[in-house]
Amino acid sequence: QIVERHAIAGPDGAARGAGTTAAVPAPFHEATDELTRFMMVYKFGLAEIRTKIDILAEELAHRGTGNPIEHVNPRLKSAASIAAKARRIECPLTFDDLRARIRDIAGIRIVCSFVSDVYTVADMLTRQPDVNPVQTKDYIAKPKDNGYRSLHLIVEIPVFLSDQVVAVPVEVQLRTVAMDFWASLEHKIYYKHNPDIPPALRDELAAAAEDAARLDKRMERLHQEIHGPRR
Ligand code: GTP
Ligand code: MG
């Protein structure tokens, strides 16, 4: 294991970090190898979903009714974030427990033009025979108290390895550009980081989410008046 024995020099030139000395305990090596295998599967699952979404986007762009997908953002949770979430939800740090309880290691966000597109794209994806929807949280129909809106799916997708097929969970978040605008900024202002925010500001954030929702309705109406409903 060349990588693990490689000394990583800090700014002072001194070796630092786990696995930088010859005295690396055996379990670390085993865990590292297993961690790589554990993470790899999520990377593959994400690539499979990504391809499906790219295919839909490109095909829909040529269908004449316009591409409902504005942009797509895949992300893989880092080992550090997985460990942090495990601690938060009191999940033991074993691969079996992590696999069973952390379902958003692979995640992809699909930002759509209009609210109706969110549901259309979600349907197109979950109708595919190899995409198995295991959970739906519709925060558009029922927004969070803070105003957050999005459609969250957990889907399982088969990944074909050399000796087995693994059903990999992927969290798919679908939202409109307006919902994405609000969520991105709210995340910076508040989400999970600042529980001491004054109630008046919290109300204002929720009101801003309502504004974004009104803008969504308005733009969708304008689009329909000009082009008719998307087929
Ligand atoms: P996590 O442990 O954070 O994954 O939450 P959860 O398991 O309760 O799932 P949920 O479906 O509620 O949220 C999953 C993801 O949606 C989060 O990791 C965020 O990316 C996003 N999200 C949920 N709520 C909010 C919110 O209030 N504001 C913002 N900006 N994003 C949110
Ligand atoms: Mg999450």
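Which residue in E7 stands opposite Phe160? In this predicted model, the residue facing Phe160 is Val165 of E7. The pair offers a handy way into the strands around E6.

Strand E6 (151-160) and strand E7 (165-176) run antiparallel and are joined by 10 bridges. A hairpin of four residues leads from E6 to E7. E6 also has a partner in strand E5 (residues 132-138), and the two pair in the antiparallel sense over six bridges. Within that pairing, Gln135 has Ile154 of E6 as its bridge partner. E6 is mostly covered, with eight of its 10 residues buried.

Both E6 and E7 feed into the largest nonpolar core, as each gives two or more residues to it. This core holds 41 residues, and those with the most contacts inside it are Ile53, Ile108, Ile110, Val170, Val172 and Leu174. Two further strands, E3 (69-76) and E4 (106-112), also give two or more residues, as do the helices H2 (26-61), H3 (79-88), H4 (95-101) and H5 (115-126). Among these elements, H2 gives the most, with 10 residues.

Val172 helps to show how the pieces meet. Leaving aside neighbours within four places in sequence, Val172 is in contact with Ile108 and Ile110, with Leu125, and with Leu151, His152, Leu153 and Val155. Apart from the largest core lies another, made up of eight residues, including Tyr139, Tyr190, Ile197 and Leu205.

Conventions:
Residues are numbered from 1 along each chain as its sequence is written. Chains are lettered from A and ligands numbered from 1 in the order in which they are written. This is a predicted model: local features need pLDDT of at least 70, side-chain atom pairs count only at pLDDT 80 or more; totals for chains, interfaces and linings use all residues. Side-chain values use heavy atoms; hydrogens and water are left out. A nonpolar core is a set of buried Ala, Val, Leu, Ile, Met, Phe, Trp, Tyr and Cys residues joined through side-chain atoms within 4.5 Å. Buried means under 20% relative accessible area, exposed over 50%, partly exposed in between (1.4 Å probe, protein chains only). Contact means heavy atoms within 4.5 Å. Two strands pair if DSSP finds at least two bridges between them.
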